[in-house]
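Trainee: I am new to this structure and would like a close look at a single part of it. Could you take me through the sheet with the parallel strands, and then show me what lies around it?

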Amino acid sequence: MRILPSARRALVLTCAAAAAGALAFSAPVTAATSQTAAAQTATEHSEARTKPTIVLVHGAWADASSWNAVMSRLLRAGYTVYAPPNPLRGVSADAETIRDFVASIPGPVVLVGHSYGGMVITNAAAGSSNVRALVYDDAYIPEEGETVFQINAARPGSCVTADPATFLNLVPYPGAPAGDVDAYLKYAPNGSYRGFTGCFANGVPAAQARLLAAGQRPFAVSAGSQPSGTPAWKSLPSWAVVGTEDHVIPPAEQLFMAKRAGAHVVEVAAGHLSLITRADTVAGTIIAAARSAD
């Protein structure tokens with residue numbers, strides 16, 4: 001088909017006009033889209049900066065790896081997480097160690113303690129300027145002057161109040177104060193002692209419980225009789241995960257301490273190691289505390 005010169009000129013002019021119109025239409029949209037994307041990125045970066053850091057403190061007869069299941073969930077949720085070693089040498093010294101660690105972190109912090117770690121965070125946060133919330137997981141929530149041994153014996157049901165010879169291996173350690181020793185939980189049942197699995201790790205698969213027993217970190221016996229100082233929960237919001245099948249700290253005692261502290265209570269069907277067996281619930285409670293601190 002032959003296109004006449006006049007028609008060819010009209011077609012060229014029409015295409016040019018259409019192209020110009022497209023450019024005129026698309027330019028503002030592209031700019032607006034870029035501005036929106038930049039604003040969204042800035043907002044995301046701002047949110048990341050304001051998210052509190054989460055510091056997880058393990059308890060006796062455990063180490064930082066006990067937090068692995070919870071830690072992985074918190075990391076996936078976008079939080080910066082640390083699980084420093086708890087020396088397990090005494091309430092004041094352990095609290096000072098954690099307080100110094102927290103002081104090295106810029107911005108707000110949510111401090112979380114499991115078991116004896118609850119004693120530590122209660123005292124560590126009392127001297128920290130950047131802790132915004134406390135989370136207790138199957139933990140001691142002491143009032144001033146209370147000790148681990150005192151809390152264990154406050155109500156019946158704790159598996160760690162029997163004759164120490166039945167459930168503990170006592171081992172000297174270098175530089176110990178006179179009469180102090182390291183205490184390891186025995187693995188096998190012995191009389192009224194249910195064994196490591198029945199006492200400390202009920203609900204944990206047997207093979208995993210065996211590994212936990214083999215890798216446990218000892219607790220200095222003297223730490224159990226050291227009184228707690230002024231509790232940080234009197235000035236900070238707190239949350240408490242209470243394992244209703246806990247054999248170390250009786251659930252009734254956990255509930256009493258949590259309510260005394262005015263904590264937000266989450267009850268879960270778990271033993272003393274809910275951070276392992278019910279990691280979703282524990283991580284979810286920590287995230288709720290962190291959001292309150294944003």
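**The parallel sheet and its surroundings**

Mentor: Happy to. Six strands form an open sheet with parallel pairing, and their order is β2-β1-β3-β4-β8-β9. At the edges stand β2 (81-82) and β9 (264-268), each with a single partner strand, so one side of each has no neighbour in the sheet. Please keep in mind throughout that this is a predicted model.

Let us start at the β9 end. β8 and β9 run parallel and are joined by five bridges. If you would like one pair to find on screen, take Gly243, whose bridge partner in β9 is Val268.

Now to the helix that goes with this sheet. α4 lies across three strands, namely β1 (53-57), β3 (109-114) and β4, and runs at about 150 degrees to β3. Another helix meets α4 as well: α3 (residues 91-103) packs with α4 (residues 117-124) at an angle of about 65 degrees, and their axes are 8 Å apart. The crossing of these two helices, α3 and α4, is right-handed. To see the contact itself, pick out Val91, Asp94, Ala95, Ile98 and Arg99 on the α3 side. They meet Met119, Val120, Asn123 and Ala124 of α4. Sorted by class, this contact of α3 with α4 has six nonpolar residues, one polar residue and two charged residues.

Next, go back to the strands and look for enclosed space. How many cavities of 30 Å³ or more are there? The count comes to one, and the space in this largest cavity is about 40 Å³. Two strands of our sheet take part in its lining: β4 (131-137) and β8 (238-243) each supply at least two residues, as does the helix α9 (251-260). Of the elements, β8 gives the most to the lining, with three residues. Reading along the chain, the lining of the largest cavity is made up of Tyr136, Asp137, Asp138, Ala139, Ile141, Ala240, Val241, Val242, Gln254 and Ala258. By class, seven of these lining residues are nonpolar, one is polar and two are charged.

For a second sheet to set beside the one you asked about, turn to β5, β6 and β7. These three strands form an open sheet in the order β5-β6-β7, and the pairing is antiparallel. Its edges are β5 (168-171) and β7 (219-220), each of which has a single partner strand, so one side of each is left without a neighbour in the sheet. Four bridges join β5 to β6 (residues 182-185), and these two strands run antiparallel. Among the residues to look for is Asn169, whose bridge partner in β6 is Tyr184.

β5 also leads us to the largest pocket, which has a volume of about 280 Å³. There are 18 residues lining this pocket, and those closest to its centre are Trp61, Phe149, Asn152, Val160 and Phe219. Which elements each supply at least two residues of this lining? They are α5 (148-153), α6 (164-167) and β5. The most comes from α5, with three residues. By class, the pocket lining has 15 nonpolar residues, three polar residues and no charged residues.

To return to your sheet, keep two things in view: α4 lies across β1, β3 and β4, and both β4 and β8 help to line the largest cavity.

Note on methods. Residues are numbered from 1 along each chain as its sequence is written. This is a predicted model: local features need pLDDT of at least 70, side-chain atom pairs count only at pLDDT 80 or more; totals for chains, interfaces and linings use all residues. Side-chain values use heavy atoms; hydrogens and water are left out. On a 1 Å grid over the protein atoms alone, a cavity is a set of points where a 1.4 Å probe fits but cannot get out, and a pocket is an open set with protein on both sides within 12 Å along at least five of seven lines; lining residues have an atom within 4 Å of a point. Grid points are joined across faces, edges and corners, and a volume is the space filled by probe spheres set on the points. Ala, Val, Leu, Ile, Met, Phe, Trp, Tyr, Cys and Pro count as nonpolar, Asp, Glu, Lys and Arg as charged, and the others, Gly among them, as polar. Two strands pair if DSSP finds at least two bridges between them. Axes are lines fitted to C-alpha atoms, for helices over the stretch in contact, and angles run from 0 to 180 degrees between N-to-C directions. A crossing is left-handed if the near helix is turned anticlockwise from the far one by less than a right angle, and right-handed if clockwise. Contact means heavy atoms within 4.5 Å.
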